[in-house]
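Notebook, salt bridges. I wanted to go through the charged pairs one by one and note where each partner sits.

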Amino acid sequence: MLRLTGLRKTFGALVAVDGVDLEVAPGETLGLLGPNGAGKSTTIKLALGVLDPDAGSVELAGLGSPRDPDVRRRLGYAPQDLAIYEELSADENLRFFGRLQGLHGRDLSRAVDEALALAGLVDRRRDRTGTYSGGMKRRLNLACATLHAPALLLLDEPTAGVDPQSRNHLFESIEALAARGTTIVYTTHYMEEAERLCDRVAIVDHGRVLACDSVDSLLAAHGSQPVVEVELAELPPASAKLPGPIEDGRLRFGVDEPELALAELRAQGLRWRSLRVQRADLETVFLELTGRSLRDA
Amino acid sequence: MSTIWTLAKKDLLLLSRDKLALFWMLLFPFVFAVFFGAIFGGQGDGSSNRIKVAVVQEGLDAGKEAFLARLDDRPVELVRVPRAEAADLVRRGKASAYLDLVRVPADAFAVFRGETAEIELGIDPSRLAERGMLEGFLAEASFGGLREVFTDRAAGIAAARKAREDLSVGEDVPLAQRVVLATFFASLETFFGAIDFTRGDAGGANPMAGPAIRTVDVTRARSGPLNAYDVSFPQAILWGLLGCAAGFAQTFVRERSSGTLVRLWTAPIGRSTVLLGKALACAIAAAGIVVVLLAAGALTFGVGVSRPATLALAIAASAFCFGGVSVLLSTIGRTEQANAGIAWGLLCLLAMIGGGMVPQFVMPAWMRQIGAVSPVRWAIEALEGGIWRSYSIGEVLVPVAALLGFGAAGMVAGMLRLRRI
């Protein structure tokens, strides 16, 4: 559906995107995971044709460059900034953007109704959006991007600064769109979002794609062993073979198969009050790939 | 075209909800027009058509008050003030002149006894016309008593009798003169009683009241504005148009900063279409501003339309021009603050040299020539052409062509700059 080949973009001395190669299959949800300033938004704008690349190419569904209006008609975009008119109502915003996408008459009315339902804003459709909460504005921002049922939807940090309730609503909306077969490119710096929503995740840092695969494959390739931490109820028998040291009554060790290791310890007579298994996640993958924590980057 | 209209409609809807923008586009120009119209038109308390004269109040008796009363029906406004203030008022320009009635004879026939009025008139030597007028009014008032007795028989009889009685007791008139005057007043009393001289031929007007002056209104052929508002409203309308151009330019920058512009860029429309939508909205708003302000001017101050077709052409050309100017201004400055500063700086300069602040007719010739580079100058001329200059369509074509040129240049320059954004 979308192919980015050798994309490069600089702003003066800053290299924002440095040779990005990505391919998104139809119906797939691809996440771009990276810290702020990693080049995710610039990559999206290059994909949309809003920015011209210094090098490389963008091709959409074999149709050509997104600078072509006919190609652009198949794109939907929800920018990181709230790209809505606060002096207009949700209904007026949607009708305006719908008309720009070529919708008219009943098609437009139907699309507006569906978008409002998706955003959960049917009851507030006539109110000026300046009176909306941040979460409601985010939902409308997404609705404006999906109004014309685009084949490819590019979402740039669509949950930035929203409350948990609105975030869940947005997740459900995006999952519903994915279920309909919409191809989605989703940028975020929250690993939980990438893990929940994306079929594949591209780890992006300093304008480069460091790895791109399914979450499980990324964990397998770049994640460390799960870590088991056991709070002991009593001192272990002297004969017990322990997989790690005991500190402050806690046994801590890394292992590939935590369930098997725990069964073996129990067989050796160890008793514990509580245990915790810490599995690798995308944070661990990012740390492994960059040497930095995703949150601290 | 429907996409351009969709974009324009959205901007007009946003404008209709922006109270501050509406203030600058409609209310401020109206206040401007009223303010400058009142200044140049001398409107206000209505006293400006009368000559204000300070009268020294010390020593005013019944005779002097009667003298002053004869000035009531003249275009003179009398203000009684202490002697110490009278000359000072004239010096400070608060009064045109001052009067000190040093001596005013008590009765109409005093002149036959050798008594004359003595009046001090203080006035700036440069005010020759007012001085002449006031001297005329004062001379008329001095002889007003005589005129009264010769236009009213009963008053004449009473006055002649009283003059004769006063003469008989008076000590200051020489005996020989007193005898002559006594005979004269007695004859006069007899004359007043015997002959009705107050009727003209065939019962016409009193011949003693002076010449019968018949005033005929002859209005001069119109070659200028009917009133000051005819001048101030086109000027004010231009401020509305400048506010409109600057306002729409800012909406473009606001779209950039708020993120909606990126969404517009990703829609299946050309970038120039976005700017053309703004230009169309600006042109429609500009035409609306002209119509609303002219209607307000017509309803409140009688601003007229001498050539409707010319005015319609002028409005259309002005709207196109400032729509084009707004396109160019849209591409200046990356922030709203920067855009507003630069845009208003440029527009104020254009207004200054184009007659938007001070009418061009009060400018020196060289400055009027410089004004030709400002669309403000041509828009004012075109609008005035329809309001009071009575331009034919042929005569308004030059300013209209200039406006269309400025508009097209602004649009092209704006589109070229847009490529670099």
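I began with B:Arg131, in a predicted model. B:Arg131 has a relative accessible area of 36%, so I logged this residue as partly exposed. Its salt-bridge partner is B:Glu135, at 3.3 Å from N to O. I looked up the accessibility of B:Glu135 too: 40%, again partly exposed. Both residues lie in helix 5 (residues 128-142) of chain B. They are four residues apart there, which means about one helical turn between them.

Next I checked a pair in chain A. A:Arg250 forms a salt bridge with A:Glu229, and the closest N and O atoms are 3.5 Å apart. This pair links distant parts of the chain, 21 residues apart. A:Arg250 belongs to strand 12 (residues 250-254), A:Glu229 to strand 10 (residues 227-232). Is A:Glu229 buried or exposed? I found 18% relative accessibility, so A:Glu229 counts as buried, the cut-off being under 20%. A:Arg250, at 36%, is partly exposed.

Then I looked across the chains. A:Glu92 and B:Arg17 form a salt bridge, with 2.8 Å between the closest N and O atoms. A:Glu92 is in helix 3 (residues 90-100) of chain A. B:Arg17 is in the loop between helix 1 (2-16) and helix 2 (19-41) of chain B. I noted 22% relative accessibility for A:Glu92 and 23% for B:Arg17. A:Glu92 is partly exposed, and B:Arg17 is partly exposed.

Last, I took the wider view. I recorded a network of salt bridges linking A:Asp91, A:Arg95, A:Asp113, A:Arg125 and A:Arg126. My search of the whole structure gave 36 salt bridges over all chains.

Key. Residues are numbered from 1 along each chain as its sequence is written. Chains are lettered from A and ligands numbered from 1 in the order in which they are written. This is a predicted model: local features need pLDDT of at least 70, side-chain atom pairs count only at pLDDT 80 or more; totals for chains, interfaces and linings use all residues. Side-chain values use heavy atoms; hydrogens and water are left out. A salt bridge is a side-chain nitrogen of Lys or Arg within 4 Å of a carboxyl oxygen of Asp or Glu. Helices (H or I, at least four residues) and strands (E, at least two) are DSSP runs, numbered from the N terminus. Buried means under 20% relative accessible area, exposed over 50%, partly exposed in between (1.4 Å probe, protein chains only).
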